[in-house]
Structures are given as structure tokens and as C-alpha cells.
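This report looks at a few elements of a single chain and at how they sit among their surroundings. Please keep the sequence and the structure in view while reading.

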Amino acid sequence: MLELHAITAGYDRRAPVVREVSLTVEPGEAVGLLGPSGCGKSTLARVAALLHRPDSGTLVLDGEPVRGWRHQAPRALRTAIGVVFQQPRLSSDPRLRLADLIAEPLRATGRREEAAGRVAELAAPLGLTPDLLRRRPHEVSDGQLQRACLARALALRPRWLICDEVTAMLDASTTAALVEAIEHYRSTTGAGLLAVGHDHTLLRRWCDRTVHWDALTSSDGHTTAALDVPASRSAR
Amino acid sequence: MTQRPEPPVLAVRGLSVRFLMPGGRQVAAVTDAHFDVAAGECLALIGESGCGKSVLASALLGLLPANARTAGRAHLGGLDLLTADERTLARTVRGRMIGLIPQSPAAHLTPVRTIRSHMEETVAQLTGVRGRAAVRTAAEAAAARAAFPAGHLDRYPHELSGGLAQRAATALALVGGAPLLLADEPTTGLDRDLVEHTVDELRRHVDVPAGAAGASPGAGSRRALLMITHDLTAAERIADRVAVMYAGRLVELADAKAFFGTPGPRHPYSRGLLRALPEREFTPIPGMPPELGDLPAGCDFAVRCERATDACGRRPRTTDSVACHHPYLPEGVRA
């Protein structure tokens with residue numbers, strides 16, 4: 001379980017952008033978090049991804065309360081979470097070839113010798129050919145780079161995936177291909193997903209259930225009751 | 001051929017753009033594009049990222065990098081945009097004949113100047129309005145035309161939301177009364193409500209005569225809009241006609257109603273794009289677009305196409321606005 005309890009977070013303690021928000025993702029579940037731009041949903045996603053320390057509230061990951069964020073988080077927790085961001089150009093080192101970009105999590109955790117095999121294993125189903133893997137980010141399209149960023153997020157076989165507007169820059173076909181790849185990974189590993197976005201149609205089609213930001217932040221405090229927006233996944 | 005009462009605002013004939021790369025390599029970014037855009041009409045140019053859409057826009061504005069070579073013609077108001085020199089482009093085309101609505105307006109505006117300052121400079125440059133008070137009034141009127149709130153005129157670009165920055169950029173594009181508006185991915189990164197709002201406003205600027213700009217050269221006639229986008233929902237909402245681009249070529253040109261509704265698109269690639277939408281089948285087109293520097297000899301789409309046969313080893317000719325050997329036929333017609 002990924003449990004966010006009464007999270008308050010932001011960039012200025014006097015004016016937090018996330019106030020007292022709770023959200024739970026069951027193992028293997030896909031939850032879509034919907035909200036307009038600037039509402040704070042990305043900040044909540046960063047908290048869940050251990051990338052932003054909340055001002056208050058707790059995050060419990062598979063029963064273990066999280067005490068440190070960013071570099072202070074224990075490696076076992078950090079590697080349990082894979083993150084994909086909105087803008088692949090901003091989340092990839094321009095100096096790395098795509099193969100090295102995908103292998104980076106393996107290197108960082110001292111598993112360099114596995115890299116070649118794992119990269120090939122990840123790249124093939126995403127359509128990343130050996131030719132593409134030899135290139136640097138400026139030599140590929142946004143869609144190709146985002147595929148590499150997804151491969152990087154999956155390199156350590158995370159139990160949880162956090163996807164923040166991962167398809168906002170992409171065309172319809174690339175979006176469908178990326179979602180298909182994520183769902184394939186989830187169906188083979190049982191990983192849970194928190195997908196953040198503003199596209200109702202997309203998230204309702206993609207996720208088991210969707211939650212609207214307004215429902216999470218309603219002042220009555222009974223936020224969990226408002227979570228159960230009916231899913232429309234059956235159509236797939 | 002000439003059934004339209006007036007000639008098109010923009011007529012593109014056989015436009016090609018090649019980038020010359022080190023080692024003698026060539027990248028075929030745009031190949032043999034033919035299309036028109038009429039006054040009061042919106043043509044949406046759609047396709048996957050990297051298919052050459054934005055290069056086409058840059059070619060029309062004369063903003064290609066030095067290693068680009070163009071061929072063909074692009075007629076706008078008696079001028080061929082592809083052969084015009086920089087002086088002509090700078091003094092008569094950009095802003096005056098073509099208003100550009102950029103992809104990310106927040107990055108397009110000067111960060112250290114207010115929106116009012118942008119507006120006043122643009123008004124002074126592009127219109128005959130002279131005198132401080134007159135320019136100020138004209139700038140406010142220009143902002144109002146794109147529904148930019150007067151109370152926000154003294155703000156800096158970073159103080160604006162994405163939607164307001166978009167309106168500011170649109171207002172600037174409208175100042176010169178240009179007969180052609182060119183919108184390059186105007187809705188990228190905006191949320192759905194804002195996309196619909198932006199698109200509806202663009203449509204409004206096509207539907208009302210450009211004459212509202214006062215001393216504009218195109219007074220009285222309606223604008224034409226060429227919108228480049230990968231957002232199919234936005235295209236459906238705004239477009240009269242749709243041009244589909246794949247690997248640098250226009251593979252289909254269709255009426256928007258028929259394209260998005262029935263009988264639907266005729267090129268297999270266009271069908272695939274629509275099928276990928278989450279409100280439709282949500283299934284991707286297998287594979288990825290080919291490299292523009294290494295295109296196949298035959299149909300560029302054949303390797304990803306479910307209808308491909310041996311015939312697709314030859315390049316298809318564009319017949320009836322579709323470049324395909326095996327197009328889907330309009331309903332009720334049998335081959």
C-alpha cells in the first residue's frame with residue numbers, strides 16, 4: 001500500500017500548496033489524480049515519489065513509515081518507486097546516450113554489470129532500437145525520449161510508479177503506446193500506479209479509479225469517502 | 001478548379017525543405033506539400049511530433065536555419081514567401097501578413113518587460129498610430145480584442161497564468177491585422193478547459209473580419225488560420241479542414257467533419273491516429289515514425305500499416321487528396 005495521510009506540503013511554510021491531503025493506492029491498483037494546472041497535484045506526486053519532504057503528514061510505503069526524503073530516504077525505499085515526469089527534456093541528462101540514461105539507476109545502485117542485459121530487455125518492447133540507444137537526447141523526438149525515461153523508471157523493477165503528466169507533450173499514438181507499455185509492466189509485476197494529470201478522458205480510460213483534486217481537499221475531512229469515483233476501465 | 005469566390009490567402013505548391021547535414025547527409029523535413037488556406041477558414045495541420053509540421057511553419061516565416069534548402073512556392077498576397085529576401089520578410093511579412101501565435105507564449109514574451117510594453121511597441125511598429133496617448137489607447141484596445149484583461153497589462157510575463165500568457169501572445173499576433181494567422185502548437189501543456197477556451201478564441205478571430213484592427217491592410221476581409229497541432233481534440237473543435245502530415249509529407253487533406261465523424265479518415269495513418277485517442281480505441285499505431293534522414297523508397301507508412309502490400313514498395317501518388325495505395329473508401333463506394 002502507498003498511503004499518504006494528511007499531507008501538507010509546499011514551497012513556503014506560510015502558504016502550502018497541498019493542505020491535509022490523504023490518498024491511498026492499493027498494491028497493483030492504478031489511481032488517476034485529476035486536477036487543473038497549479039492545484040498542487042504535482043507536489044503531492046513528488047511527496048509520494050520521495051522527492052519532496054512534506055511540512056506535515058505521513059507517508060507509509062508497504063507498511064513502512066517514510067522518515068527521509070530525497071537523498072535521506074533509504075535506498076530500499078527509493079528503488080521501490082519509479083518516477084516519470086512531464087517533460088522528458090528536463091528530466092534527462094543531455095550528455096548521456098539513451099542506453100546510459102536507462103542504465104543510470106543500475107549504475108547508481110552498484111549494479112553496473114547487469115546494465116547491458118537489462119537495457120536491452122527494457123528497450124525492445126518500447127521500440128527503442130540499438131540505433132536510438134546510441135543517440136543523445138537532442139537527437140531523438142520527445143516521444144522517443146519519454147520512452148527512454150519510462151525505461152529508466154522501470155530499470156530497478158519498482159513496486160510503485162508515479163507518473164506526473166507523462167503524456168502532456170505527446171501525440172495520441174505515442175500516448176497510447178506509452179500507456180500500453182506501463183500497463184504491460186504492471187500486469188507482469190503487479191506494480192501500483194499513481195498517475196497525475198488533467199485529462200479526464202485519458203485517466204478514466206487508463207486507471208482503475210480516478211480521484212479529483214477537489215474531492216481530496218474538501219474541507220469536511222472525510223476525504224476517503226470522496227475517493228471512490230467509479231472506474232470506467234471495463235472498456236479496455 | 002476555381003470554385004472559391006476569392007483566391008486563397010495562402011497557396012502552398014510543392015513546398016520541400018531539406019536540411020544539409022555534415023558528411024553530405026540530407027534530412028527531408030518537408031516533401032512536396034500542396035495546400036491552400038482561404039479567408040475565414042481554419043486548416044489544422046496534424047501529425048506526430050517530429051513529422052515536420054513546425055519546419056513547415058518556419059519555412060513560411062523565413063525562419064529556417066542556414067543549412068536548410070527550400071523548393072516549391074508559397075504564395076501569400078502576391079508574394080512568394082520562399083524566395084522573398086530577409087528585408088521583405090522582416091518589413092512586410094512577419095506580423096503584417098502573418099501573425100504568429102507561438103507554442104509557449106510565456107517563453108516567447110520578453111521576461112523583463114510588462115505586457116503593456118509589449119503591446120505598445122508592437123502597435124507602434126505595425127500600425128500607423130503615433131503619439132504616446134494614442135499608442136496607449138490602441139494598445140489597450142489590442143489587448144481587449146484578445147480578451148486580455150486591462151487590469152493585467154502592467155504585469156510581467158511570469159506573473160501570468162498559461163491562459164493569460166496565451167491571450168497576450170494572441171493579442172500581439174492580431175495587432176498587424178495580418179490576413180494569415182499561424183498558430184504553432186498553441187495548446188501544448190494547457191489543461192483541457194484552457195485548451196477549449198484558447199481554441200474557441202482562435203476560432204472567433206477567424207470568424208470576425210480583420211477590419212477591427214483599424215488601419216490594417218486587410219481591413220474588411222476575414223483571416224485565415226493555419227493551426228499546427230498534435231492535439232486532435234483541439235483540431236476537431238476548431239478546424240474546417242484537416243491536413244495530416246507523416247514523415248514530412250501530407251498524406252491526407254480532408255474536410256474536418258468527414259474526417260472526425262463519418263465516413264472518417266481515408267489514410268490508414270489518419271485512422272490509426274484517431275484510434276489512439278483515449279475516447280476511441282486507445283490503441284497505438286505499432287512502431288515509430290521513420291527517421292527523416294533515412295526514409296524508405298516506397299510509402300513511408302508501409303512498415304506500420306496493416307493494409308500494406310507489395311504495391312506499397314512504390315511511393316503512392318496523391319489521388320483525391322489521399323496519398324495511399326489502399327485508402328479506406330467513402331462509405332457506400334466499392335472498389
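## Strand 3 and its partners

In this predicted model, A:G32 stands opposite A:T210 in strand 9 of chain A, and this strand, spanning residues 209-212, pairs with strand 3 of chain A in the parallel sense over four bridges. Strand 3 of chain A also pairs in the parallel sense with strand 8 of chain A (residues 192-197), here over five bridges, with A:A30 standing opposite A:L193.

Five of the five residues of strand 3 of chain A, residues 30-34, are buried, so this strand is largely enclosed by the rest of the structure. Both of its faces are covered, since A:A30, A:G32 and A:L34 are buried on one side, and A:V31 and A:L33 are buried on the other.

## Helix 1

Helix 1 of chain A, residues 41-48, is likewise largely enclosed by the rest of the structure, because eight of its eight residues are buried. Among these buried residues are the charged-letter positions A:K41 and A:R46, together with A:L44 and A:V47. Just after helix 1 of chain A, A:L50 takes a positive phi of about 65°.

## The loop at A:R13

A:R13 is found in the loop of chain A between strand 1 (2-9) and strand 2 (18-25). Is A:R13 buried or exposed? A:R13 counts as exposed, because it has 10 C-beta neighbours inside 10 Å, and the exposed class takes in residues with 12 or fewer. Although A:R13 and A:D55 are 42 residues apart in sequence, they are 7.1 Å apart in space, C-alpha to C-alpha.

Notes:
Residues numbered from 1 in each chain as written. Chains lettered and ligands numbered in written order. Predicted model: local features only at pLDDT ≥ 70, side-chain atom pairs only at ≥ 80, totals over all residues. Buried ≥ 20, exposed ≤ 12 C-beta atoms within 10 Å, placed from the backbone. Helix = DSSP H or I, 4+ residues; strand = E, 2+ residues; numbered from the N terminus. Pairing = 2+ DSSP bridges.
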